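Open the model in your viewer and keep the selection tool handy. We will go from the whole chain to two places on its surface.

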Amino acid sequence: MASSDTWIKEYNEAARIADDINGMISERISLPASGPETQRHASAIRRKITILGTRLDGLQSLLSRPTGKPLTEKEMNRRKDMVANLRSKANQMASAFNMSNFANRESLLGPETKQDAMSRTVGLDNSGLVGLQRQIMKEQDEGLEKLEETVMSTKHIALAVNEELDLHTRLIDDLDQHVDVTDSRLRRVQKNLAILNKRAKSSCSCMCMLLAVLGIVILVVTIYLLVKYL
């Protein structure tokens, strides 16, 4: 009877984890479409799904090697249906997060197949199953920590690139301002040169006229003196 109560307790814990996953999926709607926070939330959901899969494997293993008082065939089938239904829900949740191979456990446990995962639970009692779950959680945590380090490193690189782009943008803006100022000054210089050139031409014309008048006066005076004294 104690063994039966243990199985029910394990199943209720697995069902609770499934409910937690559903709640986390619902919370995901309020998060941005992308970003570090969204990625961490999705990773946490995937980890929960992994834990749920381990729980289901443990429940299935307990059914395949029952201990204590034998179960009736009806009760055994009922429990198998309970595990199958919960695994179906887990597969649906895994599919929503592109964990398409969740049923085979390949995407969650690396190159191991479902048979390999089941073999890890063979010979383990409840305490051993809990230890296995903690080991898998530890492996998942280490993987998430490495992923977080990579994301943070990428974030720092992106921030550095963004600062560099901002600096270049400011330099380009300053260069544009200097070009505008230089162009404005050049236009003023050109305008002043045009005015000076016009004035120079006007002064040259006046000087020529003055010289011509002076030449005529000198010529008239010369002719007058020649006529008077010759």
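Helices (H or I, at least four residues) and strands (E, at least two) are DSSP runs, numbered from the N terminus. This is a predicted model, where local features need pLDDT of at least 70, side-chain atom pairs count only at pLDDT 80 or more, and totals for chains, interfaces and linings use all residues. Residues are numbered from 1 along each chain as its sequence is written, and side-chain values use heavy atoms, without hydrogens and water.

**Whole chain.** Colour by secondary structure. You have six helices and zero strands. Of the 230 residues, 23% count as buried (under 20% relative accessible area; exposed is over 50%, partly exposed in between; 1.4 Å probe, protein chains only).

**Stop one.** Select helix α6, residues 126–229, and find Asp-174 there. Now add Asp-173, Asp-176 and Asp-180: with Asp-174 they gather in a patch of negative charge on the surface. Patch residues have over 30% relative accessible area and no salt bridge; like charges are joined within 9 Å, nonpolar side chains (Val, Leu, Ile, Met, Phe, Trp, Tyr) within 5 Å. A salt bridge is a side-chain nitrogen of Lys or Arg within 4 Å of a carboxyl oxygen of Asp or Glu. Is Asp-174 partly exposed or buried? Asp-174 counts as partly exposed because its relative accessibility is 37%.

**Stop two.** Stay on helix α6 and pick Val-213. Its relative accessibility is 49%, so Val-213 counts as partly exposed. Extend the selection to Val-217, Val-221, Tyr-224, Leu-225 and Tyr-229: with Val-213 they form a nonpolar patch on the surface, with about 620 Å² of accessible area together (Shrake-Rupley method, 1.4 Å probe; for residues, only the protein chains shown count as cover).

Conventions. Lys, Arg positive; Asp, Glu negative; His and termini not counted. Charge placed at Lys NZ, Arg CZ, Asp CG, Glu CD.
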